[in-house]
Amino acid sequence: METFQAQLAQKLSDALAVAELPNAGDVTPATDARFGDYQSNAAMILAKQRGENPRKIAEKILAHLDVDLLADKPTVAGAGFINFTLRAEAIAKQAGELLRDDRLGVARSTSPKKIVIDFGSPNVAKPMHVGHIRSTVLGDALARIATFLGHDVIRDNHIGDWGTQFGMVIWGWKHLLDRQALARDPIAELVRLYKETNERSTSDPAVRDACRQELVKLQANDPENFSIWKECVDLSMKEFERAYEVLDIHYDVQRGESFYNDRLPDVVERLLKSGIAEISEGAVCVFFRDIPELADKPAIIRKKDGGFNYATTDVATVDYRINDLNRDTIWIVTGAPQLLHFKQIFEIARREGYDTDFRHITNGNILGDDRKLMKTRSGGNVPLRDVLDEAIERARKIIDEKNPDLSDADKIDISHKIGIGAVKYADLSQYRMTDYVFSWDRMLSLQGNTAPYLQNAYVRVRSIFRKAGEPGPKIDKLILAEPAEINLAKRLCQFAEIVPQVLNDFRPNILATYLFELANSFHGFYEACPVLKSEEPARGSRLAICELTARVLQTGLQLLGIQVPEQM
RNA sequence: GCGCUCGUAGCUCAACUGGAUAGAGCGUUGGCCUCCGAAGCCAAAGGUUGUGGGUUCGACCCCCGCCGGGCGCACCA
């Protein structure tokens with residue numbers, strides 16, 4: 001089953017062939033409803049190539065364009081656009097088929113990839129904070145969508161569990177640890193150890209040296225230090241798991257930086273041997289002299305003290321993903337500050353001969369009311385846990401007010417879905433690169449492009465079925481008469497066109513915008529077209545449209561990692 | 001200094017990779033509940049897309065120059 005867009009593109013392509021014109025341009029949704037439903041710029045592109053009159057070419061194409069029963073006779077408009085207006089019968093037929101399709105018309109990719117998506121990447125011994133929301137939620141949504149489109153996806157959490165900070169954490173553990181505090185709030189205690197040790201080491205060279213020694217011992221697999229390190233990692237992971245549970249985010253593998261530790265010497269040796277790396281100022285570096293923007297920015301893969309750093313780890317990580325995980329595509333989702341770093345890493349991989357499809361997917365920041373990075377009143381990072389708890393609390397308050405008669409169990413479930421959904425959606429509904437201002441009132445509003453608004457549209461549909469006493473529609477043959485129901489059905493057919501587009505430039509906000517418009521269309525339908533009170537066959541047809549709306553809303557939100565309540 | 005990125009209605013954000021008269025929500029103003037959930041819908045007002053040039057049938061989008069914000073530029077991750 002093909003989308004209208006694909007079908008019309010095929011018709012256009014056929015017409016161009018018959019008219020002996022080269023294939024050009026495309027069919028896209030109309031920019032404005034008054035132009036119909038779809039438009040093509042083929043004639044204007046051909047006109048430019050051939051130096052001819054675009055409207056004349058459009059007429060010529062039209063003479064051979066047979067859209068069959070899909071649309072009314074196409075028209076030429078403006079500078080040479082070809083406009084298509086779908087026929088209600090065609091929309092009814094297509095929507096009917098969607099009802100029978102558990103993929104809602106979304107085609108599987110014709111070239112499935114083996115993708116590893118690296119997202120999340122929290123650091124051990126540090127609390128997760130608001131900043132983690134974006135890359136985590138974005139990566140999760142991309143993973144869900146890629147999977148739905150038929151790609152083979154591995155979700156990898158690249159935990160920051162190795163590095164120089166452990167020298168201080170271990171020293172602090174040995175000298176300053178408060179066991180009771182650790183039991184109460186492990187991460188807070190680890191942070192305290194790190195902070196206090198850090199302060200001491202800056203003022204006391206002896207402490208600084210001692211920390212360095214602890215790190216060396218850890219890297220030499222000293223049993224005591226290793227077990228302290230292990231305990232820190234385990235405590236942190238437990239904390240992370242709790243957040244992922246609340247967020248409904250799950251990983252296939254969680255390979256921390258430590259996992260690659262044994263491989264680092266080989267990486268450096270190999271790169272030196274192949275001449276990709278060289279020694280400069282005592283460090284082992286890779287230079288990119290032929291790439292202007294990297295020309296004076298070498299990647300250091302072994303420090304002059306002999307230690308490895310994160311560039312070394314990331315080269316090893318790339319190897320592992322390609323060779324051990326057998327991936328041909330690597331997506332890394334992180335904040336923008338790491339752009340330069342991954343440019344270097346990808347370039348090193350290319351020099352090693354890998355033709356893997358590397359994508360570094362970056363995102364903007366979450367800002368406070370002052371338009372600066374969101375911070376607590378005291379200036380620290382806002383803990384993720386606090387944000388999630390508050391989201392659920394605020395949702396609960398709204399529910400208590402709007403629908404006090406629900407059972408407590410229902411309220412708990414619903415406030416979780418609404419609160420967490422609101423936080424996720426606020427992020428995903430925006431273009432991933434823009435910095436956005438965090439606002440509880442906006443994200444939890446029932447009006448506008450928000451999760452609660454979409455969830456409410458879903459709940460209204462479900463409510464119709466509850467009232468009807470029927471679980472679903474009895475028919476799947478639609479009869480479309482009212483403009484509002486034609487409009488809604490048309491919208492439903494577009495789901496299959498939208499979902500694949502998200503991966504074009506990794507923009508879940510395209511899907512979010514679509515779902516918002518779908519909910520708008522549904523509400524328009526809801527106002528204009530009585531369902532239960534209408535006569536057959538309109539009643540059955542409208543129930544079927546409702547069913548399809550619910551499924552598209554639910555599936556679409558699910559692809560964004562957002563759950564829907566049955567009532568709210 | 002160099003590189004990347006962003007600048008769109010009073011506010012918060014879109015604009016499907018160059019398409020037609022730049023769209024939403026909030027806020028403001030005015031309408032709609034004897035009718036499936038008003039947690040909703042309809043309508044109005046609101047713009048020199050930071051700025052100055054250029055490319056072309058057509059530019060928020062591409063190119064060049066400024067202005068302003070953010071981030072990054074050799075051993076922290």
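Is the crossing of α17 and α20 left-handed or right-handed? The views below come from a predicted model, and the first of them takes up this crossing.

**View 1. Helices α17 and α20 cross at roughly 140°.** The crossing of these two helices is left-handed. Their axes come within 10 Å. On the α17 side, the contact is made by Leu454, Ala457, Tyr458, Val461, Arg462, Ile464, Phe465 and Ala468. On the α20 side, the residues met are Arg539, Leu543, Cys546, Glu547, Thr549, Ala550, Leu553, Gln554 and Leu557. Sorted by class, the contact of α17 with α20 has 12 nonpolar, 2 polar and 3 charged residues.

**View 2. Helix α14 (residues 384–402) crosses helix α15 (residues 408–428) at roughly 125°.** The axes of the two helices come within 7 Å. With angles of 65 to 115 degrees counted as roughly perpendicular and those over 145 as roughly antiparallel, α14 and α15 are therefore oblique to each other. The crossing of α14 past α15 is right-handed. From α14, the residues in contact are Leu388, Ala391, Ile392, Ala395, Arg396, Ile399 and Asp400. They meet Asp408, Lys411, Ile412, Ile414, Ser415, His416, Ile418, Gly419, Ile420 and Val423 in α15. The contact of α14 with α15 divides into 10 nonpolar, 3 polar and 4 charged residues.

**View 3. Helix α12 (residues 310–324) packs against helix α13 (residues 339–351) at an angle of about 50°.** That angle makes α12 oblique to α13. The axes of α12 and α13 are 10 Å apart, and α12 passes α13 in a right-handed crossing. Tyr310, Ala311, Asp314, Val315 and Val318 are the α12 residues of this contact. Their partners in α13 are His341, Phe342, Ile345, Ile348 and Ala349. Of the residues in the contact of α12 with α13, 8 are nonpolar, 1 is polar and 1 is charged.

**View 4. The protein surface near RNA strand B has 29 nonpolar, 23 polar and 18 charged residues.** Of the 70 residues around the strand, Glu257, Lys303, Asn456, Tyr526 and Met568 come nearest. Sugar or phosphate accounts for 58% of the atoms of RNA strand B within 4 Å of the protein, and bases account for the rest. Helix α17 gives the most to this surface, with 8 residues.

**View 5. Asn83, Glu281 and Asn456 each place an N or O atom or a polar side-chain atom by RNA strand B.** An N or O atom in the side chain of Asn83 is 2.6 Å from a base nitrogen of the strand. For Glu281, a backbone N or O atom lies 3.3 Å from a base nitrogen of the strand. For Asn456, a polar side-chain atom lies 2.3 Å from a sugar or linking oxygen. The elements that give two or more residues to the surface near RNA strand B include α2 (42–50), β4 (81–84), β8 (283–286), β13 (436–437) and α19 (508–528). Helices α13 and α17 are also among them.

**View 6. A cis peptide bond joins Glu536 and Pro537.** Omega of this bond is about 5°. Most peptide bonds are trans. Pro537 has its place in the loop between α19 and α20 (538–559).

**View 7. Asn221 has a positive phi, near 65°.** Most residues other than glycine have a negative phi. Asn221 lies in the loop between α9 (205–219) and α10 (223–247).

Methods: Residues numbered from 1 in each chain as written. Chains lettered and ligands numbered in written order. Predicted model: local features only at pLDDT ≥ 70, side-chain atom pairs only at ≥ 80, totals over all residues. Heavy atoms only, no water. Axes fitted to C-alpha atoms, helices over the stretch in contact; angles between N-to-C directions. Helix = DSSP H or I, 4+ residues; strand = E, 2+ residues; numbered from the N terminus. Parallel < 35°, antiparallel > 145°, perpendicular 65-115°, else oblique. Left-handed = near helix turned anticlockwise from the far one by under 90°. Contact = heavy atoms within 4.5 Å. Nonpolar A, V, L, I, M, F, W, Y, C, P; charged D, E, K, R; others polar. Near = heavy atom within 4 Å. Polar contact = N/O pair within 3.5 Å; in protein donor to acceptor, adjacent residues only side chain to side chain.
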